[in-house]
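Hi everyone, thanks for coming. I'd like to walk you through one structure today, so please have a look at the screen.

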Amino acid sequence: MSSLWRKVLSDLRNPLFRNGYALMANTGITAVLGMGYWLLAAHYFSEEEFGRGQAVITLMRLFASLTALGLVGALARYLPIGGRSTPGLILRGYGIAAATGVTAAIGFLLTLPLWGDTYAVLGGFGPGLFFLGAVAVWAVFTLQDVVLTGLRNAVWVPVNSIVFGLMKMGLLVALAGALPDGGIFVSWMVPTAIALIPINWLIFGVVVPRHMRQTAERHPHPPGLREIGRFLSGDFPGTLSVLAIVYLVPVAVATQVSEATFGRFSMAHTLGCMIELLAMNMAVSLTVEGSFDRSQLAVNCRNALRRALMIIVPIIVVAVAAAPLILQIFGDSFAAEGTLLLRLMALAVLPRVLIEIYLSALRAQGEVRKLAFLQIGLAALVLTSIAVLFPFASVEAVGYGMLISQSLIALVIFGKLRKILRPADTRLLSVVQGSPGAP
């Protein structure tokens, strides 16, 4: 036990592991508090309102993430070396993400009759305005976590999630009787808006000034907008494509099934996405550290892959074995309709670990064309396979599509990933041995 504790303490002194573990802990905390929140929602609200709340929150997150998730890679790549331009990078990211999301949401609201009965609750000036505000708030909320990570202070992210999660649950119970229709969405968004204030005070009042002082000599020449724009030209289209997998797929499912069915689908899908997010956490930390010190990229890639697999593989095993028991907490119908989907999505995380480590290495190296090609290819495979399988497998087509597509992409990139993981001295030895005059 003492040797394990020493190992953990040693890991926490390494920024790669410290930030990666913090993000993984945040995912675990979010999952536990999220399950508690949805358990309360299932208890206090009707089955139809439960599904409707899930659908509206998923839609809001889709619009909020249109640009926000596209900026995650760029912020993780450039904030560590942002220097004196760090505050401007953050504020531009916030503004662009919020404005883009709200614009897209306005387009949706103007065509609301086309999107089915589930989203009719957003009709009218008041609900529509609240929805637009929620999109802007969530866009900033999404980016503040990656800002803390890019500034190598991800330890604050789980603290934010704990406070946010507890506030949501408390407000949900308080609104159960007063607002039976729409109470789920309101209880989700009000704590989110409140949480922006202390976290951004921490970012701009404490973390950014300290980061600028600590990195002034190491990175005296911050990246220019042209360089960041070139990076985004490759990373953003690819990230936008992957966004379709995370948010567009469930929104599309919501238009094809009843509100009650979507509620049961959404719980299994949400838990599956939480496991997948674990694979991305260590990868984001890898992008930050790889950008901060390119010379350690191979070492950091190997370490990140080992730690990610060490943590995620047992979680996948538990999820596959205990899927019906986990979903049974929400009710018999959740277990009956969601077990196979959760198992398929859990298994799909294993190849996703390899993909995310490779993508993070490409971001750290600035390989924007490869980034775009790989991410767009992955999204196209997933969406096509789900569309083909949906008439035969219904909502379980989402799990089959993700497992098949991510396994294929992992096979394609496996050889390239091995080259990145290879120690620098081994690569140098290969070059020397292959040069003229070598024995």
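Let me start with a question: in which helix is the place of P237? That proline sits in helix α8, which covers residues 225–254. Keep in mind as we go that this is a predicted model.

Is P237 buried, exposed or partly exposed? With a relative accessible area of 31%, P237 is partly exposed, because the partly exposed class lies between the 20% and 50% cut-offs. Here's a nice pairing to find on your screen: P237 and Q375 are 138 residues apart in sequence, yet C-alpha to C-alpha they are 8.2 Å apart in space.

Now let's move to the surface around W156. This tryptophan belongs to helix α6, residues 156–178. W156 is partly exposed too, with a relative accessible area of 37%. Together with V155, V159, I162, V163 and L166, W156 makes a nonpolar surface patch of about 500 Å².

My last stop is the largest pocket. Its volume is about 310 Å³. Which helices each supply at least two residues of its lining? They are α2 (15–44), α9 (259–292) and α10 (297–328). In total, 15 residues line the largest pocket, and those nearest its centre are A31, L271, M274, I275 and I315.

And what is the character of that lining? Of the lining residues, 13 are nonpolar and 2 are polar, with no charged residue among them.

That's my tour, and I'm happy to go back to any of these spots with you.

Technical notes:
Residues are numbered from 1 along each chain as its sequence is written. This is a predicted model: local features need pLDDT of at least 70, side-chain atom pairs count only at pLDDT 80 or more; totals for chains, interfaces and linings use all residues. Side-chain values use heavy atoms; hydrogens and water are left out. Patches are made of residues with over 30% relative accessible area and no salt bridge: like charges are joined within 9 Å, nonpolar side chains (Val, Leu, Ile, Met, Phe, Trp, Tyr) within 5 Å. Accessible areas come from the Shrake-Rupley method with a 1.4 Å probe; for residues, only the protein chains shown count as cover. A salt bridge is a side-chain nitrogen of Lys or Arg within 4 Å of a carboxyl oxygen of Asp or Glu. Helices (H or I, at least four residues) and strands (E, at least two) are DSSP runs, numbered from the N terminus. Buried means under 20% relative accessible area, exposed over 50%, partly exposed in between (1.4 Å probe, protein chains only). On a 1 Å grid over the protein atoms alone, a cavity is a set of points where a 1.4 Å probe fits but cannot get out, and a pocket is an open set with protein on both sides within 12 Å along at least five of seven lines; lining residues have an atom within 4 Å of a point. Grid points are joined across faces, edges and corners, and a volume is the space filled by probe spheres set on the points. Ala, Val, Leu, Ile, Met, Phe, Trp, Tyr, Cys and Pro count as nonpolar, Asp, Glu, Lys and Arg as charged, and the others, Gly among them, as polar.
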